[in-house]
Amino acid sequence: MKGNLKDFSGTQILNLVSLAKRTGTLDVRRNGTQASLSFQDGKLIYAAMDDDDGSLASVLARDGRITREQASVLAKRARKIGDKQLGLLLIQKGYLTRADIIRSIKKHSAAIVKQFASWQEGAFAFDPGRLPGDDRITVPLDLENIIIEIARVQKRDEQLEEEIPSLDVSLRFVDRPTVKLQDLKLSRDEWRVMKYIKPENTIRMIANRLNMSDRQIRRVVGSLREAGLIELVRVRPRERLTPEQRKEKRAIVHRLIDRIQGIGVAE
Amino acid sequence: MQTKTVKVVVTGPFNAGKTEFVRAISEITPVLTERGISSEAERIKETTTVAMDFGRITVDDDLVLYLFGTPGQRRFDFMWEILAEGMLGFIVLVDSARPETFREALSILETFRAYAPTPYVVAANKQDLSDAWELDDLRIALRLDPDIKMLPCVAHDRESVKNVLLELLYSILEEIDLEEQSQ
Ligand SMILES: Nc1nc2c(ncn2[C@@H]2O[C@H](COP(=O)(O)OP(=O)(O)O)[C@@H](O)[C@H]2O)c(=O)[nH]1
Ligand SMILES: [Mg+2]
């Protein structure tokens, strides 16, 4: 199974692998980023993307359970004894529980699979039978719920594109918000966007300023709007008149002035 | 030759006097669609304009000016946008005696200004009422730029309505001049 995500979406692939209970590894490459997802009987058991290689040390560091420095020490250790041994060691020494490790790995796998599902393009190839090395810790993760969640996010993004078709509009705060600002739990991104809301800033300008992608800014604007805090304001560029059009407009306005001055006088 | 039509939009908060304003200068009685109002806050008047006030001033066979009053309730925003398209300019009416509506007036003004960057004037309506705010105070309350015209108005007095409309037209001429100079 080979192809490009342009023709066959990530969600479709995940669905297929999950439903057909396939075993093997899916490799995907997009602009220098490489992802590998390994499946056993249709369940995701291992996920890696570039530096987040799925090794125990990197997974624990990413989850904030250990520092980056600790991770590099542990990674060195793992090269000798393997992730499984390392995990046992950490549990025996009482640093972490088995449940901690499983939770971190599941979190890591889910994050990577979601990231993969957001890719619009990238060459993929499924290699049946190939699985991660024996020394790696694999944790089976049911894909169903994740696929549903991914689909929900994608549907929302599509809706947002319909609701906010153009980013060349500006935003304003509604006059009488039905919610109190202090009752809302705003994300960091939402606060950042709020700072730039004024008539002269279009959504695109705000996105550029904050280095956000179109999709990211749409999500933020969408949720602020849903919360009843802001509304969209369309800005039309000022029309540039040609000299002839200006002359015509001036003549029209003069005629209107004459007419209105005459109201109640000549009648 | 086809008759050319141009339009001016008359906007402002609920009860500011838009219907009265359009009626005072129009050749035809504004077409009103009155409907009962549900919310408590809006019971100030028995009915409100749900569709729009629509007035006409014929110059001659070739030229007609339409006046459109906006429905004063924000839930009809989408209609405003359609109204704003291609307008020569707009007039924001403020009820000078009801400071509790000034904020709304300002926000309506800003909304329209964003729809289309045309010239506009602000009319301080109901200046005949004893508790009407003075123009200078209103200007501060509405945070109006000094270069925006603020005119006294009594909507049932045709001369006063004429003056507001004429001042808007003068502003449009000034804008054409400015554009010419900037080229
Ligand atoms: N005293 C006074 N009353 C006015 C004036 N303009 C409008 N009104 C009254 O204010 C009320 C609301 O006016 P209307 O035109 O219906 O407001 P709209 O909601 O903006 O269309 C009506 O009772 C009008 O007669 C004015 O200049 N002076
Ligand atoms: Mg009305």
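## The sheet of chain A

In this predicted model, chain A holds an open sheet of five strands, ordered β1-β5-β2-β3-β4, with antiparallel pairing. At its edges stand β1 (2–4) and β4 (43–49) of chain A, each of which pairs on one side only. From one strand to the next, the twist averages 15°.

Take a look at the β4(A) edge: six bridges link it in the antiparallel sense to strand β3 (residues 33–40) of chain A. Here Phe39(A) is found opposite Leu44(A) of β4(A). Helix α1 (residues 10–19) of chain A packs on this sheet, where it touches β2 (24–30), β3 and β5 (123–128) of chain A. The direction of this helix makes about 20° with that of β3(A).

## The sheet of chain B

Chain B has an open sheet too, built from six strands in the order β4-β5-β1-β6-β7-β8, and its pairing is mixed. Two strands of chain B, β4 (53–60) and β8 (150–152), stand at the edges with a single partner strand each, so one side of each has no neighbour in the sheet. The twist of this sheet averages 25° from one strand to the next.

On the β4(B) side, seven bridges join that strand to β5 (residues 63–69) of chain B, and the two run antiparallel. One of the bridge pairs brings Asp60(B) together with Leu63(B) in β5(B).

## Helices on the chain B sheet

Which chain supplies helix α10, which packs on this sheet? Helix α10 (residues 243–262) belongs to chain A, and it touches β1 (4–11), β4 and β5 of chain B. Its direction makes about 100° with that of β4(B).

Chain B contributes a helix of its own: α3 (residues 102–115) lies across β1, β6 (89–95) and β7 (120–125) of chain B. This helix runs at about 175° to β6(B).

## Around ligand 1

There are 16 residues around ligand 1, and the nearest are Asn15(B), Lys18(B), Thr19(B), Glu20(B) and Asp128(B). By class, this shell comprises six nonpolar, five polar and five charged residues. Helix α1 (residues 18–25) of chain B provides its largest share, three residues.

Oxygen atoms of the ligand take part in several polar contacts. A polar backbone atom of Asn15(B) is 2.8 Å from an oxygen atom of ligand 1, and a backbone N or O atom of Lys18(B) also lies 2.8 Å from an oxygen atom of the ligand. With Lys126(B), a polar side-chain atom is involved, 2.9 Å from an oxygen atom of ligand 1. Taken alone, the ligand exposes 580 Å², of which the protein buries 79%.

Methods
Residues numbered from 1 in each chain as written. Chains lettered and ligands numbered in written order. Predicted model: local features only at pLDDT ≥ 70, side-chain atom pairs only at ≥ 80, totals over all residues. Heavy atoms only, no water. Pairing = 2+ DSSP bridges. Helix = DSSP H or I, 4+ residues; strand = E, 2+ residues; numbered from the N terminus. Axes fitted to C-alpha atoms, helices over the stretch in contact; angles between N-to-C directions. Contact = heavy atoms within 4.5 Å. Near = heavy atom within 4 Å. Polar contact = N/O pair within 3.5 Å; in protein donor to acceptor, adjacent residues only side chain to side chain. Areas by Shrake-Rupley, 256 points an atom, 1.4 Å probe, with all protein chains shown as cover. Nonpolar A, V, L, I, M, F, W, Y, C, P; charged D, E, K, R; others polar.
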